[in-house]
Amino acid sequence: MRGLSSTIGMLLGLLLCGGMLSGCQQITEGNIPERRFSFIVRPNDMDNVLLHVGGFKYFNYGYSGVFVYHIGDMEEEYVAFEQACPLDWEDGCYVEYDDPNLVGRKCAGEYSTYHGFGKSKNVSRYTLRKYRITYLSGGTFQVSN
């Protein structure tokens, strides 16, 4: 059920900001510099905090760090986002997990842990940079950009 509601919310946001309503700004990740990376996550071993739904872990990659969250959705079991705040990354602002959202520290903003979209009017045109997850054997997966 949670996967369906997050999918519907994401689709609604895309439709609303896709030009169906006048005056809606384009959704963007901001202009955070991209740093190339690729790393392996092992939930059955050293990253076991990610085994249960709702588990999360920070990794020292990307621009300000990478946040990996176990959403347990049938279509997407894990998500990975850049921690740099798309609003104020130049000032060193970043997001941290504050159940059940990613909340800006030192910057205004609250973002969904499921799809990375801003949750309030002042950040609704921004989304966190989402990274690619490739599932491997034995329950491991690779996070990359």
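Strand E1 shows two sides: Phe39 and Val41 make up its covered face, while Ser38 and Ile40 sit on the uncovered one. Keep in mind as you read that this is a predicted model. E1 belongs to an open sheet of three strands, ordered E1-E9-E8 and paired antiparallel. Elsewhere, a search of the whole structure turns up three salt bridges, zero disulfides and 16 aromatic pairs.

**The E1-E9-E8 sheet**

- E1 and E8 are the edge strands of this open sheet, each pairing on one side only.
- From one strand to the next, the twist averages 25°.
- On one side, E1 and E9 run antiparallel and are joined by four bridges.
- On the other, four bridges join E8 to E9, and these strands also run antiparallel.
- Strand E9 covers residues 141–144.
- Ser144 in E9 is a handy landmark: Ser38 stands opposite it, and so does Arg132.
- Ser38 is also part of the uncovered face of E1, together with Ile40.
- As general background, strands of a sheet pair through backbone hydrogen bonds, either parallel or antiparallel.

**Salt bridges**

- Side chains of opposite charge can pair when their charged atoms come close.
- Which residue forms a salt bridge with Arg36? The partner is Glu34, with the closest N and O atoms 3.2 Å apart.
- Arg36 counts as exposed, because its relative accessibility is 64%.
- Glu34, at 46% relative accessibility, counts as partly exposed.
- Lys57 and Asp47 bring their side chains together in a salt bridge with an N to O distance of 2.5 Å.
- Lys57 lies in strand E2 (residues 56–59) and Asp47 in the loop between strand E1 (38–41) and E2, so this pair ties together parts that are ten residues apart in sequence.
- Is Asp47 buried or exposed? Asp47 is buried, with a relative accessible area of 2%.
- Its partner Lys57 counts as partly exposed at 24% relative accessibility.
- Glu76 and Lys130 also meet through their side chains in a salt bridge, at 2.8 Å from N to O.
- Glu76 sits in the loop between strand E3 (66–70) and strand E4 (78–82), and Lys130 in the loop between strand E7 (110–112) and strand E8 (132–135), so the pair connects parts 54 residues apart in sequence.
- Glu76 is partly exposed, its relative accessible area being 28%.
- Lys130 counts as partly exposed too, at 35% relative accessibility.

**Cysteines**

- How many disulfides does the structure hold? The count is zero.
- Cys85 is buried, with a relative accessible area of 0%.
- Cys93 likewise counts as buried, at 3% relative accessibility.

**Aromatic residues**

- The count of aromatic pairs comes to 16.
- One of these joins Phe56 and Tyr97: their ring centres are 4.4 Å apart and their planes meet at 40°, so the pair is tilted.
- That pair links distant parts of the chain, with Phe56 in strand E2 and Tyr97 in strand E5 (residues 94–98), 41 residues apart.
- Phe56 is partly exposed, with a relative accessible area of 30%.
- Tyr97 is buried, with a relative accessible area of 16%, which falls under the 20% cut-off.
- Tyr97 also forms an aromatic pair with Phe67, and this one is stacked, at 5.9 Å centre to centre and 20° between the planes.
- Here too, distant parts of the chain are linked: Phe67 is in strand E3 and Tyr97 in strand E5, 30 residues apart.
- Phe67 counts as buried, with just 1% relative accessibility.
- Which residues form one aromatic cluster? Phe56, Tyr58, Phe67, Tyr69, Tyr97 and Tyr114 do.
- Within that cluster, Tyr97 thus takes part in a tilted pair with Phe56 and a stacked pair with Phe67.

Conventions. Residues numbered from 1 in each chain as written. Predicted model: local features only at pLDDT ≥ 70, side-chain atom pairs only at ≥ 80, totals over all residues. Heavy atoms only, no water. Salt bridge = Lys/Arg side-chain N within 4 Å of Asp/Glu carboxyl O. Buried < 20%, exposed > 50% of the residue type's maximum accessible area, 1.4 Å probe, protein only. Disulfide = S-S within 2.5 Å. Phe/Tyr/Trp six-rings, centres within 6.5 Å; stacked < 30°, edge-to-face > 60°. Pairing = 2+ DSSP bridges. Axes fitted to C-alpha atoms, helices over the stretch in contact; angles between N-to-C directions.
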